[in-house]
Amino acid sequence: MMIKRTAALSVLLTVSLAAVSLVAEARKPAKIEQITDHITVLKAGGGNITLFSGSDGLFVADTGAAHSRDRMLNAVKSVSDQPVRFVVNTHWHFDHVGNNDGLHTPKHNHHAVVIAHENVRKRMAAGQYIPGLDRTTGPAPEDALPVITYTSGSDSAPTIVHFNGEKVQVFAVDPAHTDGDSFVFWPTSNVIHSGDLFFNGIWPLIDDSSGGNIDGVISAAQKMLALSDNNTQIVPGHGPVASKADLQHYLNMLNAVAQRVKAAKAQNKTLKGWLAENPLQDMEEEWGDGFLSTVRFIGAVWRGL
């Protein structure tokens, strides 16, 4: 009994630390990185935020975590005094949609139209528990919900926003990180905002409780790679701005992990038994220094396959 209780406490601690780590990230001071004349990356808490500025106003991809609101809004203001007119949410998680309502109210001189996959609106409106983060997200306020939604998948043409002289392309993908993922591509600026389809340098969270699976993440990475060249700048959901080579390296890791999990399942191994073999030991030094433990990462991949 004591052994079982100790193991349970260990798992609980691991999951709780993941949630604590995300909260700690969301409290860091804002960092501003201008990557082109018109595109700026904000690290204001939570997931990376991409800001597209020009004569038409501001276009924002993801809005960070709610408890970083002041830092996020101040960072936006420091980049441009223009109002935010459009927001795209790449998925529904709290650290990417937390300031939607802050960019939708006249109080802050912003009147943003929020655009996202239909499943983003559904999950935000309902709220749910996310086992991978040991976190329950309550229903979002009405002002935070996307008002323009789409349901297309990876074989469909992108949604195009004609803004600041560019045809900003919003690509929906099949279930991957969640069941409502999208990424944003600025073809003229040659920039991609991936959301959590790409975690640069750390294990990715694959939210199987929201319909995510590693095969979908692999497919999405391949789609982004097909749009990239050696000069493309890719803003990941978490981590530093990346190159096509970085995304390819990430894809290679995902493929290797998926192959190992599928092979273990084909041999009728159990998740517990396979974990005891420490199957990703050779990858942990490079990828295991993020908020998600290797055990939690493997578990999500296993359940999604």
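The protein exposes about 13,100 Å² of surface, of which carbon and sulfur atoms supply 52%. These values refer to a predicted model. Of the 305 residues in the protein, 52% are buried. The secondary structure consists of nine helices and 14 strands. Among contacts between residues at least 6 apart in sequence, 68% join residues at least 24 apart.

The buried nonpolar residues were then examined. The largest nonpolar core has 51 residues, and those with the most contacts inside it are Trp203, Ile214, Leu247, Tyr250, Met253, Val257 and Phe297. At least two residues of this core come from each of several helices, namely α3 (94-97), α4 (118-126), α5 (214-227), α6 (244-266), α8 (281-287) and α9 (294-304), and from each of the strands β12 (182-186) and β13 (191-199). Helix α6 provides the largest share of the core, nine residues. When residues up to four places away in sequence are not counted, Phe297 touches Trp203, Pro204, Ile206, Met253, Val257, Leu280 and Leu292. A second core, separate from the largest one, has 19 residues, including Val161, Val170, Val191 and Val235.

The interior was also searched for enclosed space. One cavity of 30 Å³ or more was counted. The largest cavity holds about 30 Å³ of space, and its lining is formed by Ser154, Val173, Asp174, Gly216, Ser219 and Ala220. By residue class, the lining of the largest cavity comprises two nonpolar, three polar and one charged.

Conventions
Residues are numbered from 1 along each chain as its sequence is written. This is a predicted model: local features need pLDDT of at least 70, side-chain atom pairs count only at pLDDT 80 or more; totals for chains, interfaces and linings use all residues. Side-chain values use heavy atoms; hydrogens and water are left out. On a 1 Å grid over the protein atoms alone, a cavity is a set of points where a 1.4 Å probe fits but cannot get out, and a pocket is an open set with protein on both sides within 12 Å along at least five of seven lines; lining residues have an atom within 4 Å of a point. Grid points are joined across faces, edges and corners, and a volume is the space filled by probe spheres set on the points. Ala, Val, Leu, Ile, Met, Phe, Trp, Tyr, Cys and Pro count as nonpolar, Asp, Glu, Lys and Arg as charged, and the others, Gly among them, as polar. A nonpolar core is a set of buried Ala, Val, Leu, Ile, Met, Phe, Trp, Tyr and Cys residues joined through side-chain atoms within 4.5 Å. Buried means under 20% relative accessible area, exposed over 50%, partly exposed in between (1.4 Å probe, protein chains only). Helices (H or I, at least four residues) and strands (E, at least two) are DSSP runs, numbered from the N terminus. Contact means heavy atoms within 4.5 Å. Accessible areas come from the Shrake-Rupley method with a 1.4 Å probe; for residues, only the protein chains shown count as cover.
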